Amino acid sequence: MLQVKNITFSYKKAKILKNISFNVKAGEQLAIIGESGSGKSTLLKLLYGEFDLDSGHIFWKDTEILGPKYNLVVGYDFMKYVAQEFDLMPFTSVAENIGAFLSNFYPEEKQERTKELLEVVELTDFAKVKVKTLSGGQKQRVALARALAKQPEIMLLDEPFGHIDNFKKQTLRRNVFKYLKEKNITCIVATHDKEDVLGFADNMMVLNQNKIEAEGTPETLFNNPETPLVASFFGEFNVINNEIIYAHQLKLVDDSDLKAVVKRVYFKGNHYLIEADLNGELVFFQHENPLEIDKTYCLLIA
Ligand code: ADP
Ligand code: MG
């Protein structure tokens, strides 16, 4: 189990994280979410031992994770960290980059593992290509495969699919998370993309203002978002009578007290997002058809 006990950290003076505590069971996946600048990357770096804590402790099983003040070399063998800015060996091939940490004593096994990992990140056709000629998204896939190569016990992923285009993202995400689960690798992923969380994370944690604003399973937080920030992670929402109501929870009815005048209509693929004026406040709801601008409709909270 990963145990984070009451940690506080600041880069010079500014406090970034304050009294943060949480646990992650072996094999579980935790998503750390929060706005840009909320400290997600900093937290991952602390878990990796890249900086010294101001106070508190981090343990993986019985090993305390310590920063550079106590460790000559940053990091631990049982842990891999894929940073937002990945560093690779640009002048060697994709396959060599992935195999770099695998033992040469077992050439067949090394070849087999490299092949398997090339498949996970869908770069089999690029095995012999030099990394420096790859696109940003392809490089990110090499970095992921490289981190997976040594089968760490814990994987720290910082916005792992941020550079990857939508065409590849869905399959790659499924491949990587499936691989981590199959190998029982504990994973902590920092992200602002709900697609990285829903369907994959066992638990999630929302960072805001140096603290954990909310934590729980994705289902719990989705169904009961206690703050607007939590709701905003999942989608368009409204605050009506002090309650958080997602756009998909508002339905058109023939008559009700909630009368809204349609202002704009956005095509969203399988529905339209309607922006309307409800007593001087903007509200958003979903509808299967585009609605008439400036017409008044009645809404019901479903
Ligand atoms: P996130 O990953 O959630 O976007 P970061 O952890 O990167 O957030 O940053 C949290 C805060 O710490 C930001 O205000 C950022 O400017 C600051 N910060 C990040 N890295 C450093 C650094 N090396 N030195 C000083 N301040 C930093
Ligand atoms: Mg970051």
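Which residue in β8 does L157 stand opposite? L157 stands opposite V189 in that strand. The model is a predicted one, and this briefing introduces its domain layout, the strand β7 with its neighbours, the surroundings of K61, and two cysteines. The domain assignment divides the protein chain into domain 1 (2-223) and domain 2 (236-301).

**Domain layout**

- The centres of domain 1 and domain 2, taken over C-alpha atoms, are separated by 39 Å.
- According to the assignment, domain 1 covers residues 2-223, while domain 2 covers residues 236-301.

**Strand β7 and its burial**

- Strand β7 comprises residues 154-158, and five of its five residues are buried, so the strand is largely enclosed by the rest of the structure.
- In a regular strand, side chains alternate between the two faces of the sheet.
- In β7, I154, L156 and D158 point one way, whereas M155 and L157 point the other way.
- Residues on both sides of β7 are buried, D158 among them.

**Partners of β7**

- Strand β6 (residues 79-82) pairs with β7 in the parallel sense, over four bridges.
- Within this pairing, M79 is found opposite I154 of β7.
- Strand β8 (residues 186-191) also pairs with β7 in the parallel sense, here over five bridges.
- Helix α5 (residues 166-182) joins β7 and β8 in forming a right-handed β-α-β unit.

**K61 and its surroundings**

- K61 lies in the loop between β4 (55-60) and β5 (63-64).
- The relative accessibility of K61 is 45%, and K61 therefore counts as partly exposed, a class that runs between the 20% limit for buried and the 50% limit for exposed residues.
- Leaving aside residues up to four places away in sequence, K61 touches M1 and E153.
- The side chains of K61 and E153 make a polar contact at 2.7 Å.
- From C-alpha to C-alpha, K61 and D196 are 26 Å apart in space, with their positions 135 residues apart in sequence.

**Cysteines and disulfides**

- The structure contains zero disulfides.
- A disulfide is a covalent bond between the sulfur atoms of two cysteines.
- C187 has a relative accessible area of 1% and is buried, because buried means under 20%.
- C298, at 10% relative accessibility, likewise counts as buried.

Note on methods
Residues are numbered from 1 along each chain as its sequence is written. Chains are lettered from A and ligands numbered from 1 in the order in which they are written. This is a predicted model: local features need pLDDT of at least 70, side-chain atom pairs count only at pLDDT 80 or more; totals for chains, interfaces and linings use all residues. Side-chain values use heavy atoms; hydrogens and water are left out. Helices (H or I, at least four residues) and strands (E, at least two) are DSSP runs, numbered from the N terminus. Buried means under 20% relative accessible area, exposed over 50%, partly exposed in between (1.4 Å probe, protein chains only). Contact means heavy atoms within 4.5 Å. A polar contact is a pair of N or O atoms within 3.5 Å; within protein, one must be able to donate a hydrogen and the other to accept it, and residues adjacent in sequence count only if both atoms are side-chain atoms. Two strands pair if DSSP finds at least two bridges between them. A crossover is right-handed if, with the strands pointing away from the viewer, the path from the first strand over the helix to the second runs clockwise. Domain bounds come from an automatic or database domain assignment. A disulfide is a pair of cysteine sulfur atoms within 2.5 Å.
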